[in-house]
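Visitor: I have a model open and a few questions about it. Can you walk me through some of it?
Guide: Go ahead.

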Amino acid sequence: MKYQVTITETLSRTVSVEAPSAEIAEEQVRGQYRDEEIVLGSSDFCYFDVDVNREDSKPFYQSQTGDFKLYYGDCMELLPLLNDKVDMVFADPPYFLSNGGISVQSGKIVSVNKGDWDKGMSSEDIDAFNRKWIGQCRELLKDNGTIWVSGTYHNIFSVANALASLGFKILNVITWAKTNPPPNISCRYFTYSTEFIIWARKMVKVPHYYNYELMKAINGDKQMTDVWRLPAIAPWEKTCGKHPTQKPLSLMSRIILASTKKGDKVLDPFCGSGTTGIAANLLERGFVGIEREREYVEMSQRRRLEIDNPQTAESYRTRIKDIDFVERCEVMV
Ligand SMILES: C[S@@+](CC[C@H](N)C(=O)[O-])C[C@H]1O[C@@H](n2cnc3c(N)ncnc32)[C@H](O)[C@@H]1O
């Protein structure tokens, strides 16, 4: 006698993967099964023995007072490991503009290639990249917190779309008009002299902090507009080494003064030479930064150690226009 039997196999296996978050672990497992042409649904997952005891989840450097914490690694892996909520995020992510062009710096022709991290990608990949890190930062932002993201036309539209689709409310798009831009050597189009910085709050309906009175006072008692005329980076800001896209302390100080209070915590997931952290600490805010290149993490550490000297810190404060204004007028920050 022959029997014909039909069985419905239920997938029940335990798979171990090393990943910084449950979400990434799940994606890795889905990938493995996709190769076998098996599609897993969310009910197929159940987690246990989650081990996040990783070396790179410890800070590379922490200041003595704990107001400056620096992590060395890929922010997409490290952001899910951070626990503390932050009041503000500033991000100067890759602009994806390093494609073999040339520019002029201090009278010399230089390549605009900033590093492998800034090489162009397809627009789909740029969108996926921006969506991912912005989504991870959103998890760490307090509900009344805000995010600032800088860019040029290469990335800024993608950033705006990611912010809107993740539920942020865009508050302003600041135009940073550089008072000393490099000349355009091709003479075939206008000189690039601006960058954009989108400011958005996490929740559409939860109010954010804006120091309106201070911004107005800094602007000669007239409402501060969304066009900021500030110089590009000055030589005194490069005493600890050079970063190809280092932001000026004057720009970072205005952002921090406008949107945070003393004692607040600021996160920068692409912190480069640590400018955000230096401005934050000069203004008595806490800082958490992440950077993927060792050379730049070390530069940030040197910059932070430099301002452990109160005289150096004070000399920087007097050179930063907005901080100098605040100190001289003794206004509330
Ligand atoms: C535009 S620069 C930031 C410069 C910074 N604002 C400053 O003032 O020095 C971007 C930085 O992000 C770093 N980076 C790129 N991709 C990263 C990633 N996935 N995780 C962490 N850092 C990354 C690069 O090495 C680079 O130093």
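Visitor: Which helix and which strand each supply at least two residues of the shell around the ligand?
Guide: Helix 2 (75-78) and strand 11 (286-291) do. Bear in mind that this is a predicted model.

Visitor: Which residues come nearest to the ligand?
Guide: The shell has 19 residues, and those that come nearest are Asp-92, Phe-270, Gly-272, Ser-273 and Thr-275.

Visitor: How do the shell residues divide into nonpolar, polar and charged?
Guide: Seven are nonpolar, six are polar and six are charged.

Visitor: Thr-275 is in helix 7 too. Is helix 7 mostly covered or mostly open?
Guide: Mostly covered, as seven of the eight residues in helix 7 are buried. They are Thr-275, Thr-276, Gly-277, Ile-278, Ala-279, Ala-280 and Asn-281.

Visitor: What do those buried residues pack against?
Guide: Three helical and strand neighbours to look at are among a longer list: the buried residues of helix 7 pack against elements including helix 6, strand 11 and helix 8 (294-306). Strand 2 (68-72), strand 3 (86-91) and strand 10 (265-268) are also packed against by the buried residues of helix 7.

Visitor: And what follows helix 7?
Guide: Glu-284, with a positive phi near 65°.

Visitor: Back to helix 6. At what angle do helix 6 and helix 7 pack?
Guide: About 55°, and the axes of helix 6 (residues 249-259) and helix 7 (residues 275-282) are 9 Å apart. Angles between 35 and 65 degrees count as oblique, so helix 6 and helix 7 are oblique to each other.

Visitor: Is the crossing of helix 6 and helix 7 left-handed or right-handed?
Guide: Right-handed. On the helix 6 side, the contact is made by Leu-249, Met-252, Ser-253 and Ile-256. Helix 7 contributes Thr-275, Thr-276, Ile-278, Ala-279 and Ala-280.

Visitor: How many of those contact residues are charged?
Guide: None; the contact of helix 6 with helix 7 has six nonpolar and three polar residues.

Visitor: Different pair now. How do helix 3 and helix 4 pack?
Guide: Helix 3 (residues 123-140) and helix 4 (residues 156-165) pack at about 45°, with their axes 9 Å apart. Helix 3 and helix 4 are therefore oblique to each other, and their crossing is right-handed.

Visitor: Which residues make that contact?
Guide: From helix 3, Ile-126, Asp-127, Asn-130, Arg-131 and Ile-134. From helix 4, Ser-158, Val-159, Asn-161, Ala-162 and Leu-163. The residues of the contact of helix 3 with helix 4 divide into five nonpolar, three polar and two charged.

Visitor: One single residue before I go: where does Ala-25 lie?
Guide: In helix 1 (residues 22-35). Ala-25 counts as partly exposed because it has 18 C-beta neighbours inside 10 Å, where 20 or more would make a residue buried.

Visitor: What is Ala-25 in contact with, leaving aside neighbours within four places in sequence?
Guide: Val-17 and Ala-19. The C-alpha atom of Ala-25 is also separated by 10.0 Å from that of Val-15, ten residues apart along the chain.

Visitor: Last, the overall picture. How many helices and strands does the protein have?
Guide: Ten helices and eleven strands. The protein has 333 residues, of which 33% count as buried. Of the contacts with a separation of 6 or more, 68% are between residues 24 or more positions apart.

Conventions. Residues are numbered from 1 along each chain as its sequence is written. This is a predicted model: local features need pLDDT of at least 70, side-chain atom pairs count only at pLDDT 80 or more; totals for chains, interfaces and linings use all residues. A residue is near a molecule or strand if its C-beta atom, placed from the backbone, lies within 6 Å of it. Helices (H or I, at least four residues) and strands (E, at least two) are DSSP runs, numbered from the N terminus. Ala, Val, Leu, Ile, Met, Phe, Trp, Tyr, Cys and Pro count as nonpolar, Asp, Glu, Lys and Arg as charged, and the others, Gly among them, as polar. Axes are lines fitted to C-alpha atoms, for helices over the stretch in contact, and angles run from 0 to 180 degrees between N-to-C directions. Angles under 35 degrees count as roughly parallel, over 145 as roughly antiparallel, 65 to 115 as roughly perpendicular and the rest as oblique. A crossing is left-handed if the near helix is turned anticlockwise from the far one by less than a right angle, and right-handed if clockwise. Two residues are in contact if their C-beta atoms, placed from the backbone, lie within 7 Å. A residue is buried if 20 or more other C-beta atoms lie within 10 Å of its own, exposed if 12 or fewer, and partly exposed in between; C-beta atoms are placed from the backbone.
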